[in-house]
Amino acid sequence: MAQTHILSPLPGTYYRQPAPDQPPYKNVGDPVTVGEVVGLIEVMKSFIEVKSEHGGKIVAFLIENEEPVMAGQPIIAIEG
Amino acid sequence: MKIKTLFIANRGEIAVRIIRAAQELGIRTVQAYSAADKDSLAVRLADEAIDIGPAQAAKSYLNIPAVVAAATRSGADAVHPGYGFLAENADFADAVEKAGLIFVGPTGQAIRLMGDKVSARNAALAAGVPVVPGSEGRVDDLLTARDVVARLGFPVMIKAAAGGGGRGIRIVGDMEVFERLMPQARAEALAAFGDGGLFIEKLIERARHIEVQVLGDGHDVIHCFERDCSLQRRRQKVWEEAPSVALPARVREALCASAIALAKAVRYRGAGTLEYLYDDATQAFYFIEMNTRIQVEHPVTEMITGLDLVRLMIQIAGGERLSLRQDEIRVRGHSIQVRINAEDPANNFAPFPGKVETLMTPGGNGVRFDTMLFAGYQIPPFYDSLLGKLIVWDDTRDRALARLTRALRELEIGGCKTTKPLHLALAEDPEVRAATYDTRWLERRLDQNALRLT
(Lines give C-alpha, C1' and ligand atoms only; values in the text may rest on other atoms or scores of the structure.)
Protein backbone atom coordinates (compact mmCIF):
# COMPACT_ATOMS: atom_id res chain seq x y z
CA MET A 1 0.00 0.00 0.00
CA ALA A 2 1.16 3.54 -0.76
CA GLN A 3 2.37 5.65 2.13
CA THR A 4 1.77 9.40 2.29
CA HIS A 5 2.53 12.06 4.89
CA ILE A 6 0.58 14.78 6.61
CA LEU A 7 2.83 17.85 6.63
CA SER A 8 2.96 20.69 9.13
CA PRO A 9 1.44 23.78 7.47
CA LEU A 10 3.56 26.19 9.59
CA PRO A 11 6.64 26.19 11.81
CA GLY A 12 5.93 25.96 15.54
CA THR A 13 5.18 23.48 18.30
CA TYR A 14 3.17 20.33 17.48
CA TYR A 15 0.36 19.08 19.74
CA ARG A 16 -1.38 15.73 19.33
CA GLN A 17 -4.40 16.69 21.46
CA PRO A 18 -6.82 19.68 21.45
CA ALA A 19 -6.07 20.54 25.13
CA PRO A 20 -3.74 19.16 27.83
CA ASP A 21 -6.62 17.39 29.63
CA GLN A 22 -8.13 15.84 26.50
CA PRO A 23 -7.32 12.64 24.56
CA PRO A 24 -5.25 12.83 21.33
CA TYR A 25 -7.05 13.58 18.07
CA LYS A 26 -5.71 10.33 16.60
CA ASN A 27 -3.73 7.22 17.51
CA VAL A 28 -1.80 4.72 15.38
CA GLY A 29 -4.27 2.51 13.49
CA ASP A 30 -7.04 5.14 13.41
CA PRO A 31 -8.67 5.96 10.06
CA VAL A 32 -8.49 9.58 8.75
CA THR A 33 -10.54 11.32 6.10
CA VAL A 34 -9.61 14.29 3.92
CA GLY A 35 -10.05 17.57 5.82
CA GLU A 36 -10.14 15.93 9.24
CA VAL A 37 -8.27 17.69 12.10
CA VAL A 38 -5.35 15.55 13.28
CA GLY A 39 -3.33 17.98 15.42
CA LEU A 40 -2.46 21.56 16.35
CA ILE A 41 0.53 23.77 15.63
CA GLU A 42 1.23 26.57 18.09
CA VAL A 43 2.76 29.49 16.26
CA MET A 44 3.36 32.81 18.03
CA LYS A 45 0.81 31.97 20.72
CA SER A 46 -1.90 31.16 18.12
CA PHE A 47 -3.15 27.63 17.57
CA ILE A 48 -3.59 26.46 13.97
CA GLU A 49 -5.38 23.20 13.16
CA VAL A 50 -3.56 20.58 11.08
CA LYS A 51 -5.97 19.00 8.59
CA SER A 52 -5.25 15.85 6.66
CA GLU A 53 -4.94 16.20 2.91
CA HIS A 54 -5.23 12.46 2.49
CA GLY A 55 -7.58 9.65 3.53
CA GLY A 56 -6.31 6.35 4.93
CA LYS A 57 -5.03 4.76 8.11
CA ILE A 58 -2.40 6.23 10.47
CA VAL A 59 0.72 4.06 10.61
CA ALA A 60 3.10 6.31 12.55
CA PHE A 61 3.61 9.65 14.29
CA LEU A 62 6.91 11.09 13.10
CA ILE A 63 7.09 13.94 15.66
CA GLU A 64 6.65 13.68 19.42
CA ASN A 65 3.91 15.65 21.14
CA GLU A 66 4.99 19.22 22.10
CA GLU A 67 8.11 19.12 19.91
CA PRO A 68 9.17 21.86 17.47
CA VAL A 69 8.36 21.37 13.76
CA MET A 70 9.34 23.18 10.57
CA ALA A 71 6.88 24.23 7.87
CA GLY A 72 6.42 21.34 5.43
CA GLN A 73 7.90 18.76 7.81
CA PRO A 74 6.12 15.36 7.75
CA ILE A 75 4.35 14.75 11.08
CA ILE A 76 2.10 11.74 10.44
CA ALA A 77 2.51 8.77 8.08
CA ILE A 78 -0.66 7.39 6.47
CA GLU A 79 -1.32 4.25 4.46
CA GLY A 80 -4.17 4.56 2.07
CA MET B 1 25.91 50.16 42.86
CA LYS B 2 25.84 46.60 44.15
CA ILE B 3 25.22 45.08 40.71
CA LYS B 4 28.34 44.18 38.71
CA THR B 5 26.86 41.49 36.45
CA LEU B 6 23.22 41.39 35.29
CA PHE B 7 21.54 38.22 34.02
CA ILE B 8 18.76 38.86 31.48
CA ALA B 9 15.99 36.26 31.83
CA ASN B 10 14.05 37.30 28.75
CA ARG B 11 14.42 37.64 24.98
CA GLY B 12 13.51 39.83 22.00
CA GLU B 13 13.44 43.61 21.99
CA ILE B 14 13.20 43.96 25.79
CA ALA B 15 16.38 41.91 26.29
CA VAL B 16 18.16 44.29 23.90
CA ARG B 17 16.69 47.28 25.80
CA ILE B 18 17.94 45.92 29.16
CA ILE B 19 21.43 45.07 27.82
CA ARG B 20 21.81 48.62 26.53
CA ALA B 21 20.73 50.19 29.84
CA ALA B 22 23.04 47.90 31.85
CA GLN B 23 26.07 48.44 29.62
CA GLU B 24 25.62 52.22 29.93
CA LEU B 25 25.83 51.76 33.71
CA GLY B 26 29.11 49.82 33.34
CA ILE B 27 27.42 46.53 34.24
CA ARG B 28 28.47 43.26 32.59
CA THR B 29 25.54 41.50 30.89
CA VAL B 30 24.76 37.79 30.58
CA GLN B 31 21.97 36.89 28.18
CA ALA B 32 19.88 33.72 28.69
CA TYR B 33 18.90 32.04 25.42
CA SER B 34 16.88 29.07 24.21
CA ALA B 35 17.86 26.85 21.29
CA ALA B 36 15.72 29.07 19.02
CA ASP B 37 17.48 32.30 20.09
CA LYS B 38 21.12 31.26 19.74
CA ASP B 39 21.64 33.77 16.91
CA SER B 40 19.54 36.58 18.40
CA LEU B 41 20.56 40.22 18.59
CA ALA B 42 20.49 40.09 22.41
CA VAL B 43 23.03 37.22 22.36
CA ARG B 44 25.24 39.20 20.00
CA LEU B 45 25.09 42.39 22.08
CA ALA B 46 25.51 40.86 25.55
CA ASP B 47 28.97 40.37 27.06
CA GLU B 48 28.17 36.69 27.57
CA ALA B 49 25.34 34.27 26.79
CA ILE B 50 24.13 31.07 28.44
CA ASP B 51 21.99 28.27 26.99
CA ILE B 52 18.93 27.67 29.20
CA GLY B 53 17.15 24.94 27.21
CA PRO B 54 15.00 24.00 24.22
CA ALA B 55 12.97 26.35 22.01
CA GLN B 56 9.63 25.84 23.78
CA ALA B 57 9.25 28.57 26.42
CA ALA B 58 7.96 26.08 29.02
CA LYS B 59 11.31 24.30 28.84
CA SER B 60 13.51 27.43 28.80
CA TYR B 61 12.31 30.98 29.57
CA LEU B 62 9.55 29.66 31.88
CA ASN B 63 11.67 26.99 33.55
CA ILE B 64 12.46 28.46 36.99
CA PRO B 65 15.12 25.91 38.09
CA ALA B 66 16.92 26.17 34.71
CA VAL B 67 16.91 29.98 34.74
CA VAL B 68 18.04 30.30 38.38
CA ALA B 69 20.79 27.68 37.87
CA ALA B 70 22.09 29.50 34.77
CA ALA B 71 22.03 32.86 36.56
CA THR B 72 23.98 31.43 39.50
CA ARG B 73 26.46 29.67 37.19
CA SER B 74 27.06 32.90 35.26
CA GLY B 75 28.35 34.69 38.34
CA ALA B 76 25.63 37.34 38.04
CA ASP B 77 24.55 39.24 41.12
CA ALA B 78 21.15 40.29 39.75
CA VAL B 79 18.40 39.01 37.42
CA HIS B 80 16.24 41.22 35.21
CA PRO B 81 12.99 39.44 34.22
CA GLY B 82 11.82 41.89 31.52
CA TYR B 83 8.07 41.53 30.82
CA GLY B 84 6.00 38.39 30.22
CA PHE B 85 7.57 34.95 30.93
CA LEU B 86 8.55 34.95 34.66
CA ALA B 87 8.37 38.72 35.23
CA GLU B 88 5.28 38.53 37.46
CA ASN B 89 5.93 35.11 38.95
CA ALA B 90 6.32 35.58 42.72
CA ASP B 91 7.88 32.11 43.11
CA PHE B 92 10.58 33.09 40.60
CA ALA B 93 11.33 36.34 42.47
CA ASP B 94 11.61 34.30 45.70
CA ALA B 95 13.81 31.65 44.03
CA VAL B 96 16.20 34.33 42.71
CA GLU B 97 16.55 35.90 46.16
CA LYS B 98 16.90 32.50 47.83
CA ALA B 99 19.83 31.79 45.46
CA GLY B 100 21.45 34.96 46.84
CA LEU B 101 20.81 37.14 43.77
CA ILE B 102 18.94 40.44 43.44
CA PHE B 103 15.60 40.34 41.61
CA VAL B 104 15.22 43.54 39.56
CA GLY B 105 11.65 44.24 40.61
CA PRO B 106 9.43 44.19 43.67
CA THR B 107 9.43 41.55 46.42
CA GLY B 108 7.69 38.21 45.82
CA GLN B 109 5.21 39.29 48.48
CA ALA B 110 4.29 42.49 46.57
CA ILE B 111 3.93 40.50 43.32
CA ARG B 112 1.58 38.07 45.09
CA LEU B 113 -0.50 40.84 46.68
CA MET B 114 -0.97 42.85 43.49
CA GLY B 115 -1.17 39.82 41.16
CA ASP B 116 -4.30 38.44 42.80
CA LYS B 117 -7.36 40.38 41.61
CA VAL B 118 -9.24 40.13 44.91
CA SER B 119 -6.31 41.13 47.16
CA ALA B 120 -5.32 43.93 44.75
CA ARG B 121 -8.90 45.26 44.80
CA ASN B 122 -8.93 45.14 48.59
CA ALA B 123 -5.56 46.92 48.79
CA ALA B 124 -6.94 49.60 46.44
CA LEU B 125 -10.09 50.07 48.53
CA ALA B 126 -7.99 50.31 51.69
CA ALA B 127 -5.82 53.00 50.06
CA GLY B 128 -8.91 54.97 49.02
CA VAL B 129 -8.45 54.21 45.30
CA PRO B 130 -11.69 53.89 43.31
CA VAL B 131 -12.39 50.42 41.88
CA VAL B 132 -15.14 49.30 39.48
CA PRO B 133 -18.32 49.46 41.62
CA GLY B 134 -19.67 46.04 42.46
CA SER B 135 -21.01 43.68 45.08
CA GLU B 136 -18.96 43.38 48.24
CA GLY B 137 -17.86 39.81 47.77
CA ARG B 138 -20.10 36.95 46.66
CA VAL B 139 -23.82 37.19 46.09
CA ASP B 140 -25.74 34.00 46.76
CA ASP B 141 -29.40 35.03 46.67
CA LEU B 142 -31.69 37.09 44.46
CA LEU B 143 -32.79 39.44 47.25
CA THR B 144 -29.24 40.65 47.92
CA ALA B 145 -28.63 40.77 44.16
CA ARG B 146 -31.61 43.15 43.71
CA ASP B 147 -30.20 45.49 46.37
CA VAL B 148 -26.80 45.47 44.67
CA VAL B 149 -28.14 46.41 41.22
CA ALA B 150 -30.43 49.06 42.73
CA ARG B 151 -27.26 50.66 44.09
CA LEU B 152 -25.10 50.16 40.96
CA GLY B 153 -27.63 50.93 38.20
CA PHE B 154 -27.66 49.12 34.84
CA PRO B 155 -25.88 47.85 32.80
CA VAL B 156 -24.12 45.33 35.03
CA MET B 157 -22.00 42.23 34.56
CA ILE B 158 -22.79 38.98 36.34
CA LYS B 159 -19.59 37.00 36.86
CA ALA B 160 -19.05 33.54 38.28
CA ALA B 161 -16.94 33.83 41.46
CA ALA B 162 -15.02 30.70 40.49
CA GLY B 163 -14.76 31.67 36.79
CA GLY B 164 -11.88 33.32 35.00
CA GLY B 165 -10.59 34.39 31.61
CA GLY B 166 -13.95 35.81 30.60
CA ARG B 167 -15.85 32.56 31.24
CA GLY B 168 -19.28 32.79 32.85
CA ILE B 169 -19.77 36.54 32.27
CA ARG B 170 -23.21 37.94 31.39
CA ILE B 171 -23.96 41.55 30.53
CA VAL B 172 -27.42 42.67 31.64
CA GLY B 173 -29.23 45.90 30.70
CA ASP B 174 -32.43 45.87 32.78
CA MET B 175 -34.18 44.35 35.80
CA GLU B 176 -36.48 42.05 33.85
CA VAL B 177 -33.58 40.31 32.11
CA PHE B 178 -31.60 40.39 35.35
CA GLU B 179 -34.34 38.50 37.27
CA ARG B 180 -34.33 35.85 34.53
CA LEU B 181 -30.54 35.54 34.14
CA MET B 182 -29.50 35.55 37.80
CA PRO B 183 -30.84 32.02 38.61
CA GLN B 184 -29.61 30.77 35.24
CA ALA B 185 -26.10 32.15 35.87
CA ARG B 186 -26.12 30.58 39.33
CA ALA B 187 -27.12 27.15 38.03
CA GLU B 188 -24.55 27.33 35.26
CA ALA B 189 -21.74 28.42 37.58
CA LEU B 190 -22.62 25.54 39.91
CA ALA B 191 -22.54 23.07 37.01
CA ALA B 192 -19.36 24.46 35.42
CA PHE B 193 -17.26 25.30 38.47
CA GLY B 194 -18.97 23.41 41.32
CA ASP B 195 -19.62 26.79 42.94
CA GLY B 196 -22.77 28.86 42.36
CA GLY B 197 -21.29 32.05 43.86
CA LEU B 198 -21.65 35.17 41.71
CA PHE B 199 -20.18 38.68 41.62
CA ILE B 200 -22.06 41.65 40.23
CA GLU B 201 -20.06 44.52 38.75
CA LYS B 202 -21.04 47.76 37.04
CA LEU B 203 -20.28 47.62 33.30
CA ILE B 204 -18.16 50.60 32.30
CA GLU B 205 -19.11 51.19 28.67
CA ARG B 206 -16.94 52.99 26.15
CA ALA B 207 -14.05 53.12 28.62
CA ARG B 208 -10.52 54.11 27.90
CA HIS B 209 -7.55 52.14 29.20
CA ILE B 210 -5.38 54.62 31.06
CA GLU B 211 -2.42 53.60 33.20
CA VAL B 212 -0.02 55.39 35.52
CA GLN B 213 3.72 54.67 35.60
CA VAL B 214 5.22 54.61 39.09
CA LEU B 215 8.73 54.16 40.47
CA GLY B 216 9.35 53.15 44.07
CA ASP B 217 12.44 52.40 46.12
CA GLY B 218 10.66 50.63 48.97
CA HIS B 219 10.32 53.93 50.84
CA ASP B 220 9.27 56.68 48.46
CA VAL B 221 7.11 56.46 45.33
CA ILE B 222 6.90 58.91 42.44
CA HIS B 223 4.70 58.83 39.34
CA CYS B 224 5.73 59.55 35.76
CA PHE B 225 2.24 60.48 34.56
CA GLU B 226 -0.10 58.40 32.42
CA ARG B 227 -0.34 56.49 29.14
CA ASP B 228 -3.48 55.96 27.06
CA CYS B 229 -3.52 52.40 25.69
CA SER B 230 -7.10 52.21 24.47
CA LEU B 231 -6.36 50.98 20.95
CA GLN B 232 -6.52 47.21 21.48
CA ARG B 233 -7.35 44.06 19.55
CA ARG B 234 -8.35 40.95 21.51
CA ARG B 235 -7.30 42.74 24.70
CA GLN B 236 -3.79 43.25 23.31
CA LYS B 237 -2.54 46.81 23.07
CA VAL B 238 -1.43 47.82 19.59
CA TRP B 239 -0.87 51.60 19.94
CA GLU B 240 0.03 53.60 23.05
CA GLU B 241 0.34 57.30 23.79
CA ALA B 242 1.52 59.65 26.49
CA PRO B 243 0.09 61.84 27.81
CA SER B 244 -3.63 61.04 27.41
CA VAL B 245 -5.46 63.87 25.67
CA ALA B 246 -8.70 62.77 27.36
CA LEU B 247 -7.77 63.83 30.89
CA PRO B 248 -8.54 67.30 32.26
CA ALA B 249 -5.68 68.56 34.49
CA ARG B 250 -7.65 68.06 37.71
CA VAL B 251 -8.51 64.44 36.80
CA ARG B 252 -4.88 63.71 35.88
CA GLU B 253 -3.79 65.02 39.27
CA ALA B 254 -6.33 62.85 41.14
CA LEU B 255 -5.50 59.78 39.03
CA CYS B 256 -1.75 60.05 39.60
CA ALA B 257 -2.27 60.78 43.31
CA SER B 258 -4.35 57.60 43.64
CA ALA B 259 -1.59 55.56 41.98
CA ILE B 260 0.96 56.95 44.43
CA ALA B 261 -1.34 56.20 47.38
CA LEU B 262 -1.72 52.55 46.39
CA ALA B 263 1.96 52.01 45.50
CA LYS B 264 3.00 53.62 48.80
CA ALA B 265 0.54 51.44 50.73
CA VAL B 266 2.34 48.31 49.46
CA ARG B 267 5.81 49.93 49.88
CA TYR B 268 6.44 49.34 46.20
CA ARG B 269 9.98 48.83 44.89
CA GLY B 270 10.92 49.12 41.21
CA ALA B 271 8.97 50.18 38.13
CA GLY B 272 5.25 49.43 38.15
CA THR B 273 2.06 50.35 36.34
CA LEU B 274 -1.42 50.84 37.74
CA GLU B 275 -4.10 50.23 35.14
CA TYR B 276 -7.46 52.00 35.18
CA LEU B 277 -10.64 52.23 33.16
CA TYR B 278 -11.60 55.83 32.42
CA ASP B 279 -15.07 57.01 31.50
CA ASP B 280 -14.94 60.19 29.37
CA ALA B 281 -18.61 60.98 30.05
CA THR B 282 -18.39 61.02 33.86
CA GLN B 283 -14.63 61.69 34.16
CA ALA B 284 -14.50 58.81 36.65
CA PHE B 285 -11.56 56.39 36.84
CA TYR B 286 -11.54 52.89 38.27
CA PHE B 287 -8.45 50.88 39.26
CA ILE B 288 -8.39 47.44 37.60
CA GLU B 289 -4.95 45.94 38.23
CA MET B 290 -1.28 46.58 38.80
CA ASN B 291 1.56 45.26 36.63
CA THR B 292 4.62 44.74 38.80
CA ARG B 293 7.23 44.99 36.02
CA ILE B 294 8.49 47.18 33.18
CA GLN B 295 5.90 47.37 30.38
CA VAL B 296 6.12 47.08 26.62
CA GLU B 297 4.90 50.67 26.25
CA HIS B 298 7.36 52.25 28.73
CA PRO B 299 9.20 54.21 25.97
CA VAL B 300 6.36 56.74 25.50
CA THR B 301 6.79 57.74 29.15
CA GLU B 302 10.54 58.00 28.64
CA MET B 303 10.03 60.25 25.61
CA ILE B 304 7.78 62.77 27.41
CA THR B 305 9.71 62.84 30.71
CA GLY B 306 13.31 62.36 29.52
CA LEU B 307 13.79 59.58 32.10
CA ASP B 308 15.37 56.17 31.44
CA LEU B 309 13.01 53.83 33.29
CA VAL B 310 15.07 50.67 32.75
CA ARG B 311 18.21 52.39 34.04
CA LEU B 312 16.27 53.64 37.07
CA MET B 313 14.90 50.20 37.91
CA ILE B 314 18.41 48.70 37.77
CA GLN B 315 19.72 51.50 40.01
CA ILE B 316 16.92 50.92 42.52
CA ALA B 317 17.62 47.17 42.50
CA GLY B 318 21.30 48.02 43.07
CA GLY B 319 20.32 49.65 46.36
CA GLU B 320 20.13 53.29 45.32
CA ARG B 321 17.38 55.51 46.71
CA LEU B 322 15.21 57.52 44.32
CA SER B 323 17.08 60.75 43.72
CA LEU B 324 14.24 62.33 41.74
CA ARG B 325 11.63 64.48 43.41
CA GLN B 326 8.09 64.46 42.07
CA ASP B 327 8.27 68.13 41.05
CA GLU B 328 11.33 67.37 38.89
CA ILE B 329 9.25 65.13 36.63
CA ARG B 330 7.60 67.20 33.94
CA VAL B 331 5.75 66.34 30.75
CA ARG B 332 7.09 67.75 27.53
CA GLY B 333 5.40 67.17 24.16
CA HIS B 334 3.58 64.05 23.03
CA SER B 335 4.73 60.51 22.25
CA ILE B 336 3.13 57.60 20.37
CA GLN B 337 4.30 53.99 20.16
CA VAL B 338 3.02 51.43 17.66
CA ARG B 339 3.71 47.71 17.89
CA ILE B 340 5.20 46.17 14.77
CA ASN B 341 4.08 42.54 14.98
CA ALA B 342 4.80 39.59 12.68
CA GLU B 343 1.12 39.32 11.74
CA ASP B 344 -0.71 39.79 8.45
CA PRO B 345 -3.46 42.40 9.02
CA ALA B 346 -4.98 41.61 5.61
CA ASN B 347 -5.38 37.96 6.64
CA ASN B 348 -7.08 38.37 10.02
CA PHE B 349 -3.72 39.00 11.72
CA ALA B 350 -2.41 35.49 11.01
CA PRO B 351 1.07 34.90 12.51
CA PHE B 352 3.91 35.32 10.02
CA PRO B 353 7.16 33.77 11.31
CA GLY B 354 9.18 34.63 8.22
CA LYS B 355 12.74 35.57 7.43
CA VAL B 356 13.82 39.22 7.40
CA GLU B 357 15.38 39.45 3.93
CA THR B 358 16.18 43.17 4.10
CA LEU B 359 15.74 45.82 6.76
CA MET B 360 15.39 49.60 6.51
CA THR B 361 14.81 51.25 9.88
CA PRO B 362 13.36 54.74 10.31
CA GLY B 363 15.42 57.54 11.85
CA GLY B 364 15.61 61.28 12.19
CA ASN B 365 14.60 63.67 14.91
CA GLY B 366 12.16 62.33 17.54
CA VAL B 367 12.13 58.77 16.19
CA ARG B 368 13.12 55.64 18.14
CA PHE B 369 12.85 52.03 16.99
CA ASP B 370 13.28 49.40 19.72
CA THR B 371 13.74 46.06 17.99
CA MET B 372 15.65 42.77 17.90
CA LEU B 373 15.59 42.58 14.09
CA PHE B 374 18.57 42.53 11.72
CA ALA B 375 18.81 41.64 8.05
CA GLY B 376 18.88 37.84 7.68
CA TYR B 377 17.04 37.20 10.99
CA GLN B 378 14.72 34.18 10.99
CA ILE B 379 11.74 35.06 13.22
CA PRO B 380 11.16 32.07 15.52
CA PRO B 381 7.57 30.76 15.75
CA PHE B 382 7.81 29.86 19.45
CA TYR B 383 7.23 33.25 21.11
CA ASP B 384 4.98 36.29 20.76
CA SER B 385 4.80 38.18 17.49
CA LEU B 386 6.35 41.49 18.63
CA LEU B 387 9.21 42.46 16.29
CA GLY B 388 9.73 46.01 17.36
CA LYS B 389 8.21 49.19 18.66
CA LEU B 390 8.24 52.37 16.63
CA ILE B 391 8.16 55.34 18.99
CA VAL B 392 7.87 58.98 17.96
CA TRP B 393 7.97 62.21 19.92
CA ASP B 394 7.08 65.75 18.92
CA ASP B 395 5.93 68.90 20.66
CA THR B 396 2.22 68.37 19.88
CA ARG B 397 0.08 65.30 19.19
CA ASP B 398 -0.69 66.44 15.62
CA ARG B 399 3.00 66.77 14.89
CA ALA B 400 3.68 63.39 16.49
CA LEU B 401 1.05 61.81 14.19
CA ALA B 402 2.67 63.36 11.12
CA ARG B 403 6.07 62.14 12.28
CA LEU B 404 4.64 58.66 12.87
CA THR B 405 3.34 58.45 9.29
CA ARG B 406 6.70 59.63 7.96
CA ALA B 407 8.63 57.10 10.09
CA LEU B 408 6.27 54.22 9.21
CA ARG B 409 6.83 54.91 5.51
CA GLU B 410 10.59 54.65 6.06
CA LEU B 411 10.30 51.29 7.83
CA GLU B 412 10.74 48.35 5.46
CA ILE B 413 10.97 44.78 6.70
CA GLY B 414 11.61 42.88 3.47
CA GLY B 415 10.04 39.44 3.06
CA CYS B 416 7.70 39.72 6.07
CA LYS B 417 4.07 40.58 6.68
CA THR B 418 3.75 42.99 9.60
CA THR B 419 1.23 45.30 11.24
CA LYS B 420 2.77 48.35 9.55
CA PRO B 421 -0.25 48.81 7.18
CA LEU B 422 -2.62 48.82 10.17
CA HIS B 423 -0.68 51.64 11.82
CA LEU B 424 -0.46 53.67 8.60
CA ALA B 425 -4.26 53.41 8.32
CA LEU B 426 -4.77 54.26 12.00
CA ALA B 427 -2.49 57.31 11.83
CA GLU B 428 -4.77 58.75 9.14
CA ASP B 429 -8.10 57.70 10.64
CA PRO B 430 -10.19 60.77 11.62
CA GLU B 431 -11.29 59.18 14.92
CA VAL B 432 -7.72 58.29 15.88
CA ARG B 433 -6.66 61.80 14.95
CA ALA B 434 -9.43 63.15 17.18
CA ALA B 435 -8.48 60.61 19.90
CA THR B 436 -12.14 59.77 20.50
CA TYR B 437 -11.50 56.03 20.82
CA ASP B 438 -12.30 53.56 23.61
CA THR B 439 -11.01 50.03 24.23
CA ARG B 440 -13.52 48.44 21.79
CA TRP B 441 -13.11 51.03 19.02
CA LEU B 442 -10.44 49.18 17.02
CA GLU B 443 -12.39 45.91 16.92
CA ARG B 444 -15.53 47.74 15.76
CA ARG B 445 -13.47 49.49 13.06
CA LEU B 446 -11.96 46.17 11.93
CA ASP B 447 -15.42 44.51 11.88
CA GLN B 448 -16.68 47.28 9.58
CA ASN B 449 -13.71 46.65 7.26
CA ALA B 450 -13.21 50.39 7.40
CA LEU B 451 -9.42 50.29 7.39
CA ARG B 452 -7.14 49.72 4.44
CA LEU B 453 -4.85 46.93 5.61
CA THR B 454 -2.57 46.10 2.70
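Is B:Ser244 buried or exposed? Select it and take a look, keeping in mind that you're viewing a predicted model. B:Ser244 counts as buried, because its relative accessibility is 2%.

**Stop 1: around B:Ser244**

You'll find B:Ser244 in the loop between strand 11 (236-242) and helix 9 (249-265) of chain B. Now add B:Asp228 to your selection: its side chain makes a polar contact with the side chain of B:Ser244, at 3.2 Å. Leaving aside neighbours within four places in sequence, B:Ser244 is also in contact with B:Ile210, B:Glu226 and B:Arg252.

**Stop 2: B:His80**

Next, jump to strand 4 (residues 78-80) of chain B, where B:His80 sits. B:His80 has a relative accessible area of 0%, so it is buried. Show what surrounds it: not counting residues up to four places away in sequence, B:His80 touches several residues, including B:Leu6, B:Phe7, B:Val104, B:Ile294 and B:Met313.

**Stop 3: out to B:Gly306**

For a contrast, select B:Gly306, in the loop between helix 10 (298-305) and helix 11 (309-317) of chain B. B:Gly306 counts as exposed, because its relative accessibility is 66%. Try the distance tool from here to B:Val331: the two C-alpha atoms are 8.6 Å apart in space, while the residues are 25 apart in sequence.

**Stop 4: aromatic rings**

How many aromatic pairs are there over all chains? The count comes to 10. To see one of them, select B:Phe92 and B:Phe103: the ring centres are 6.0 Å apart and the planes are at 85 degrees, so this pair is edge-to-face. B:Phe92 belongs to helix 4 (residues 90-98) of chain B and B:Phe103 to strand 5 (residues 102-103) of chain B, 11 residues apart. Both B:Phe92 and B:Phe103 are buried. While you're on rings, pick B:Tyr61, B:Phe85, B:Phe382 and B:Tyr383 together, and you have one aromatic cluster.

**Stop 5: salt bridges**

Side chains of opposite charge can pair when their charged atoms come close. Over all chains, the structure holds 41 salt bridges. Start with B:Glu302 and B:Arg17, whose side chains meet at 2.7 Å, N to O. This pair joins helix 10 of chain B to helix 1 (residues 12-24) of chain B, with the two positions 285 residues apart in sequence. B:Glu302 is buried, with a relative accessibility of 5%, and B:Arg17 is buried too, at 8%.

Then select B:Arg112 and B:Asp94, a salt bridge of 2.8 Å, N to O. B:Arg112 lies in helix 5 (residues 108-115) of chain B and B:Asp94 in helix 4 of chain B, so the pair ties together parts 18 residues apart in sequence. B:Arg112 is partly exposed at 41%, and B:Asp94 is partly exposed at 32%.

Finally, light up B:Glu211, B:Arg227, B:Lys237, B:Glu240, B:Glu275, B:Glu297 and B:Arg339: they are linked in a network of salt bridges.

**Last stop: where the chains meet**

Show both chains now. The contact takes 13 residues from chain B and 11 residues from chain A. Between them, the chains bury about 940 Å², 70% of it on carbon and sulfur atoms. How many salt bridges count between chain B and chain A? One, and you can find it by selecting A:Glu67 and B:Lys59, whose closest N and O atoms are 3.4 Å apart. On the side of chain B that touches chain A, nine residues are nonpolar, two polar and two charged.

Conventions
Residues numbered from 1 in each chain as written. Chains lettered and ligands numbered in written order. Predicted model: local features only at pLDDT ≥ 70, side-chain atom pairs only at ≥ 80, totals over all residues. Heavy atoms only, no water. Contact = heavy atoms within 4.5 Å. Buried area = accessible area lost by both parts, 1.4 Å probe. Salt bridge = Lys/Arg side-chain N within 4 Å of Asp/Glu carboxyl O. Nonpolar A, V, L, I, M, F, W, Y, C, P; charged D, E, K, R; others polar. Phe/Tyr/Trp six-rings, centres within 6.5 Å; stacked < 30°, edge-to-face > 60°. Helix = DSSP H or I, 4+ residues; strand = E, 2+ residues; numbered from the N terminus. Buried < 20%, exposed > 50% of the residue type's maximum accessible area, 1.4 Å probe, protein only. Polar contact = N/O pair within 3.5 Å; in protein donor to acceptor, adjacent residues only side chain to side chain.
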